[in-house]
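Me: I'm new to this structure and would like a close look at one part of it. Could you pick out a pair of packed helices and walk me through how they meet, with a little of the surroundings?

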Amino acid sequence: MPDSETRPNKQDQQQPAETHQDVRRAVLEAETRRHFLRTLSGGLGTLFMGTLAAKYAPPAFAAVPSSEAALDFTRDASNPLSVLPPQFAAKARRVIYLHMAGAPSQLELFEHKPELTRLDGQDCPASFLAGKRFAFINGVPKLLGSQYPFHQTGQSGQWISDRLPHLEKHIDDLCIIKSMRTDQFNHAPAQLLVHTGNARLGYASFGSWVLYGLGTENQNLPGFIVLLSGGKTPDGGKQLWGSGFLPSVYQGVQCRSHGEPVLYLENPPSVSRPLRRSMLDVIDEINKQTYAEFGNPETVTRIAQYELAFRMQMEATDAMDIRKEPESVRARYASKPGEASFANNCLVARRLAERGVRFIQLYHWGWDSHGSAASEALNIGFVKRCSEVDQPIAALLDDLKQRGLLEDTLLVWGGEFGRTSMRENRGGQQMKFVGRDHNPGAFTLWLAGAGIKPGITHGETDDMGYEIVKDPVEVRDLHATMLYLLGFDHHKLNYRFQGLQQKLTSVKPARIVGEILA
C-alpha cells in the first residue's frame with residue numbers, strides 16, 4: 001500500500017486536466033537554470049578543479065630523480081596567471097616565436113643544393129610525383145634551382161643565401177634544423193599543427209600550454225601576446241593562439257605595435273581612473289559570488305580580463321611605445337613608429353621580454369611564393385619579404401645578447417611547411433612568375449638561445465632538397481624539445497578533457513631532439 005502522501009486522493013482525481021498542466025508549467029518555470037545548476041552534485045567547481053589535479057614526473061631525458069613530483073595547477077581565483085614552478089630546472093624562461101606565414105622557401109635561404117641548380121629546367125623525375133599530393137602542381141613540372149647564390153659563413157661554416165645579409169652575421173648563434181616535416185600540405189591545418197599540435201580546430205596553442213603550466217611574471221601585461229604584420233591574419237586564424245579546451249584566460253592576446261595596444265583599452269573621456277576602479281570593484285564582487293556558487297572557470301577568466309585591462313592601461317601603452325627607444329636602437333631594427341610592421345613588432349618583442357611576458361608570438365604574412373602573381377614571385381615578392389625581416393631579426397638577436405636575455409629566451413623562426421624542388425606549373429602550364437608549390441616532406445626551421453647548441457645544422461635532405469635522408473624531426477618532436485627546455489615532460493603536461501589526458505604532443509610518439517641541446 002503506498003503512503004498517503006503519494007497516493008492521489010479523490011479530490012485530486014476530480015480536478016480538471018488543465019489545472020494539472022498549469023501547475024506543472026509553474027513548477028517548470030520555477031526550475032530555472034540557476035536552480036538546476038545548484039542541485040548538481042559537487043557543482044561545476046568540483047568538475048573543473050578535478051581536471052586540474054595531476055601528478056607529474058620529470059622526463060627520463062633530464063638527469064633528475066625519477067620519483068613522482070606533483071605539480072599543482074590550482075591557483076587563487078583572483079590570480080589565475082600567477083607564477084608556478086616548472087617540473088624541473090628549465091633553460092628557458094620565455095619564448096619568442098617568429099612565424100613566417102605562408103611558408104618561406106628553404107631552397108632560397110638555407111638549403112644549398114648545387115645538383116638541383118645543375119638540373120634547373122629539366123623535367124621532374126617521375127619518382128618525385130608518384131603517390132604525392134600537391135596544392136597546384138599538375139602534369140610534369142620542371143626542376144627549379146635556387147634563384148640566389150649561396151656561400152658558407154661564420155666559424156661554423158653554415159650555408160646561407162645572399163637574401164639574409166644581416167642574419168648571416170649571427171649564423172654561429174643559430175641551430176638550423178633542415179629536416180622538419182609535417183603531414184599537412186595546406187596552410188591552415190599546417191599552421192594549426194605547428195602551433196597547437198593538431199591540424200583540427202579546438203586545440204590549445206603552444207603559448208596557452210606554457211601559460212597554463214608556468215603563469216607569467218608580469219601581472220600587468222598578458223602572459224601570451226600576439227603581434228601581426230604583413231597586412232593579413234594567418235590562414236589558421238585566431239585559433240593559432242586560442243586556448244582550445246583550456247580555460248580561456250590562457251589564450252593569447254592580440255596587440256598592436258601602433259596606437260592603442262588593444263582597441264578601446266583607454267577609458268572614455270568622461271570616465272576617470274578612480275571611477276573605473278570603483279565600477280570594477282562592484283563587478284568583481286558579483287563575479288566572485290558567481291564563481292563561489294558555480295565554480296565556472298570562465299567566470300575567473302572574466303574577472304582576470306577586467307583586472308588585467310585596468311592594469312594594462314598604465315603598463316601596456318608604455319611597453320608598446322617604441323618611441324621611448326633611442327633613435328640608434330630604432331635604426332638598427334629599421335623600425336618606424338606609427339607603422340604596423342615586422343620591424344616594430346621585433347622591437348616590441350624585446351621590450352615585452354624585458355618586462356617578463358612569458359610567450360611572445362609574431363606572425364609575418366606573405367611568404368606563399370607560388371608565382372601566381374608578382375607578390376608571390378620568388379624574384380619579386382619573396383625579395384621584399386626577406387628585406388622586411390632580415391634586419392629586424394638580426395637586431396633582435398643583438399639586443400637579446402647584449403641585455404643578457406638570449407641565455408634564457410628561446411627564439412624560434414620558421415613556417416608551416418617547405419617548398420617543392422619543382423617550379424609550380426598551375427594548370428600544367430609554365431607561369432609568368434617563378435614560384436614553388438607546398439612541400440610538407442621537408443622544411444627548415446632555426447632556433448637560438450636558451451639551452452640550444454649554437455652554430456650547428458641538424459638533419460639533411462637529398463641532393464634536390466626534396467625529401468629528408470637524415471635525422472627527420474616531426475612537429476611533435478619540436479614541441480617536446482621546446483617543452484623540455486621550459487622545464488616540462490611533454491607526457492605529463494596535460495589537461496583532462498572529454499575523458500582524455502590531452503597534451504600538446506597528442507598521442508603519437510614524440511622525442512626530445514637531444515642532438516640540438518647544449
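Reply: Here is a walk through one helix pair, followed by a few places around it.

First, some ground rules: this is a predicted model, where local features need pLDDT of at least 70 and side-chain atom pairs count only at pLDDT 80 or more, while totals for chains, interfaces and linings use all residues. Residues are numbered from 1 along each chain as its sequence is written, and side-chain values use heavy atoms, with hydrogens and water left out.

The protein chain has 13 helices and 19 strands; these are DSSP runs numbered from the N terminus, with helices being H or I of at least four residues and strands E of at least two. Our pair is α11 (residues 342-354) and α12 (residues 381-402), packed at an angle of about 15° with axes 9 Å apart. Those axes are lines fitted to C-alpha atoms over the stretch in contact, and angles run from 0 to 180 degrees between N-to-C directions. That angle makes α11 roughly parallel to α12, a label for angles under 35 degrees. The crossing of α11 past α12 is right-handed, meaning that the near helix is turned clockwise from the far one by less than a right angle.

Who touches whom? On the α11 side you'll find Phe-342, Ala-343, Cys-346 and Arg-350, and they meet Glu-388, Val-389, Pro-392, Ile-393, Leu-396, Asp-399 and Leu-400 of α12. Contact here is heavy atoms within 4.5 Å. Sorted by class, that's eight nonpolar, no polar and three charged residues. Nonpolar covers Ala, Val, Leu, Ile, Met, Phe, Trp, Tyr, Cys and Pro; charged covers Asp, Glu, Lys and Arg; polar is the others, Gly among them.

Now step back along the chain to Ala-334, in the loop between α10 (327-333) and α11. Ala-334 has a positive phi of about 60° although it isn't a glycine. With a relative accessible area of 40%, Ala-334 is partly exposed, that is, between buried (under 20%) and exposed (over 50%), using a 1.4 Å probe and protein chains only.

Ala-103 is another non-glycine with a positive phi, about 80°. You'll find Ala-103 in the loop between β3 (94-101) and α5 (114-118), but this residue is buried, at 0% relative accessible area.

Finally, take a look at α13 (residues 475-485): 10 of its 11 residues are buried, so this helix is largely enclosed by the rest of the structure. After α13 comes Gly-487, with a positive phi near 95°. For the chain as a whole, 53% of the 518 residues count as buried.

Notes. Parallel < 35°, antiparallel > 145°, perpendicular 65-115°, else oblique.
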